[in-house]
Amino acid sequence: MCGCDPPDLLSIISDIANIVMAFAGFALAFYVFVYQRRKDRESDRLQWFKDLIVTPNTPAIYSFFDRVTTIATDLSSPTLTDLRKSQILNDLKNECAVFRRTFVVLLRSVDSNMEKEIITNCIDQFLDNITQAAFDPNINLSNEAEFEAHVFMTLTHSRNYLLSRLFKFSG
Amino acid sequence: MKADIQVIDLQEFRTPGSKVFTGRDRGEQDRKRSKIDELVDKPGKIDLIIPPDIYSINPSYLEEFLVNVVQKLKKDGFFNKFKIVNNGPYKISRDLNEAIDRILREDHALI
């Protein structure tokens, strides 16, 4: 027999509490480490996305929408033949194809869904809406209000969609 | 023995009075109606006829209409198998190439 006093209940509880607190502290530190590392990675990806893709192409994005707006304005002429409408649409499609190849394709390197969504909801939606409006006998694009509704609003929607989709990228 | 020529006439899938083909939904619908995915497995060429008074067939439509055959044949195989019959003023080649490039974009690094 050692002759020492057996530990009382309070001492045992205190030891257990110390162990639990130490473990909780360790778990919290580990969680903060993992969480922070993940945040840092996301932040790095976001910064690379901004530096390599968005910032260098910001002028090209606005320039693209300026050019297609200028081209689409020709559709407001009151005396367009179907052939002339088709030529204007071809010019728009050309701009869209170049924009896709020079900018949208870059998005695949960070998020292939973003590339697909921008092709579908920005480029295609804008081209399809304007094509349908140009050849719809019930729509008169030489009327300012109708041009605004069917062409200008479509372009605005496409531009806003693109910007909001880029903004939503979270790394 | 000469293989038969299959024919897909887009006139059959045209909305009456419409001068354009647009939209993924319509492309998918017409892909199923035309049975193009089955025709492509038969021997011989396929004539794809574009009505002469059509003024636009947008890449969105073509991408869905041709997605399976282009994935199967790739670009060169597609142009070997299909003959585009187009006597109207609308020239489809740019829209067709854009649609094919999009379909095959997973195969390419930067197209």
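**Is B:D101 buried or exposed, and at what relative accessibility?**

*Solution.* Start with the value. The relative accessibility of B:D101 is 8%. Now apply the cut-off: buried means under 20% relative accessible area. B:D101 therefore counts as buried. Keep in mind throughout that this is a predicted model.

**Exercise 1. Find the salt-bridge partner of B:D101, and place both residues.**

*Solution.*
- Step 1. The partner is A:R101; the two side chains meet in a salt bridge at 3.1 Å, N to O.
- Step 2. The pair crosses between chains: A:R101 sits in helix 2 of chain A, B:D101 in helix 4 of chain B.
- Step 3. Check the cover on the partner. A:R101 has a relative accessible area of 38%, so it is partly exposed.
- Step 4. Look for shared partners. One network of salt bridges includes A:R101 and B:D101, and among its other members are A:R100, A:D124, B:E63 and B:R105.

**Exercise 2. Decide how well helix 4 of chain B is covered, and name what covers it.**

*Solution.*
- Step 1. Locate the helix: it runs over residues 93–103.
- Step 2. Count. Eight of its eleven residues are buried, so the helix is mostly covered.
- Step 3. Name the buried residues: B:D95, B:L96, B:E98, B:A99, B:I100, B:D101, B:R102 and B:I103.
- Step 4. List cover from chain A. It includes helix 2 (82–102) and helix 3 (112–135).
- Step 5. List cover from chain B. It includes helix 1 (24–34), strand 4 (56–57), helix 3 (59–81) and strand 5 (82–86).

**Exercise 3. Analyse the salt bridge between A:R67 and A:E95.**

*Solution.*
- Step 1. Recall the principle: side chains of opposite charge can pair when their charged atoms come close.
- Step 2. Take the distance. The A:R67 and A:E95 side chains meet at 2.7 Å, N to O.
- Step 3. Place the ends. A:R67 is in helix 1 of chain A and A:E95 in helix 2 of chain A. They are 28 residues apart, so the pair links distant parts of the chain.
- Step 4. Classify each end. A:R67, at 34% relative accessibility, is partly exposed. A:E95, at 18%, is buried.

**Exercise 4. Explain what the salt bridge between A:R84 and A:D74 ties together.**

*Solution.*
- Step 1. Take the distance. The closest N and O atoms of A:R84 and A:D74 are 3.8 Å apart.
- Step 2. Test it. A salt bridge needs the nitrogen within 4 Å of the carboxyl oxygen. The A:R84 and A:D74 pair forms one.
- Step 3. Place the ends. A:R84 lies in helix 2 of chain A, while A:D74 lies in the loop between helix 1 and helix 2; the pair therefore ties together parts ten residues apart in sequence.
- Step 4. Classify each end. A:R84 is partly exposed at 31%. A:D74 is partly exposed at 37%.
- Step 5. Set the pair in context. Over all chains, the count is 26 salt bridges.

**Exercise 5. Describe the surroundings of B:D30.**

*Solution.*
- Step 1. Place the residue: B:D30 is in helix 1 of chain B.
- Step 2. Classify it. The relative accessibility of B:D30 is 0%, so it counts as buried.
- Step 3. List the contacts. Leaving out residues up to four places away in sequence, B:D30 touches B:F13, B:F21, B:Y61 and B:F65.

**Exercise 6. Which residues make the nonpolar surface patch of about 430 Å²?**

*Solution.*
- Step 1. Name them: A:L28, A:Y31, A:V32 and A:Y35.
- Step 2. Place one of them. A:L28 lies in helix 1 (residues 9–73) of chain A.
- Step 3. Check its exposure. A:L28 has a relative accessible area of 54%, so it is exposed.
- Step 4. Recall helix geometry. An α-helix has 3.6 residues a turn, so residues three or four places apart point the same way.

**Exercise 7. Judge whether chain B fits a compact globule or departs from one.**

*Solution.*
- Step 1. Inventory the fold. Chain B has four helices and five strands. Their order is β-β-α-α-β-β-α-β-α.
- Step 2. Compare radii. For 111 residues, a compact globule would have a radius of gyration near 13 Å; chain B has 14 Å, which agrees.
- Step 3. Add the dimensions. The C-alpha trace spans about 40 × 35 × 25 Å along its principal axes.
- Step 4. Check burial. In chain B, 50% of the 111 residues count as buried.
- Step 5. Check contact range. Among contacts in chain B with a separation of 6 or more, 80% come from residues 24 or more positions apart.
- Step 6. Check confidence. Chain B averages a pLDDT of 92, and 92% of its residues score at least 70. The model scores ipTM 0.90 and pTM 0.84.

Note on methods: Residues are numbered from 1 along each chain as its sequence is written. Chains are lettered from A and ligands numbered from 1 in the order in which they are written. Side-chain values use heavy atoms; hydrogens and water are left out. Patches are made of residues with over 30% relative accessible area and no salt bridge: like charges are joined within 9 Å, nonpolar side chains (Val, Leu, Ile, Met, Phe, Trp, Tyr) within 5 Å. Accessible areas come from the Shrake-Rupley method with a 1.4 Å probe; for residues, only the protein chains shown count as cover. Helices (H or I, at least four residues) and strands (E, at least two) are DSSP runs, numbered from the N terminus. Buried means under 20% relative accessible area, exposed over 50%, partly exposed in between (1.4 Å probe, protein chains only). Contact means heavy atoms within 4.5 Å. The radius of gyration is taken over C-alpha atoms; the globule rule is 2.2 Å times the number of residues to the power 0.38. pLDDT is the predictor's confidence in each residue, from 0 to 100.
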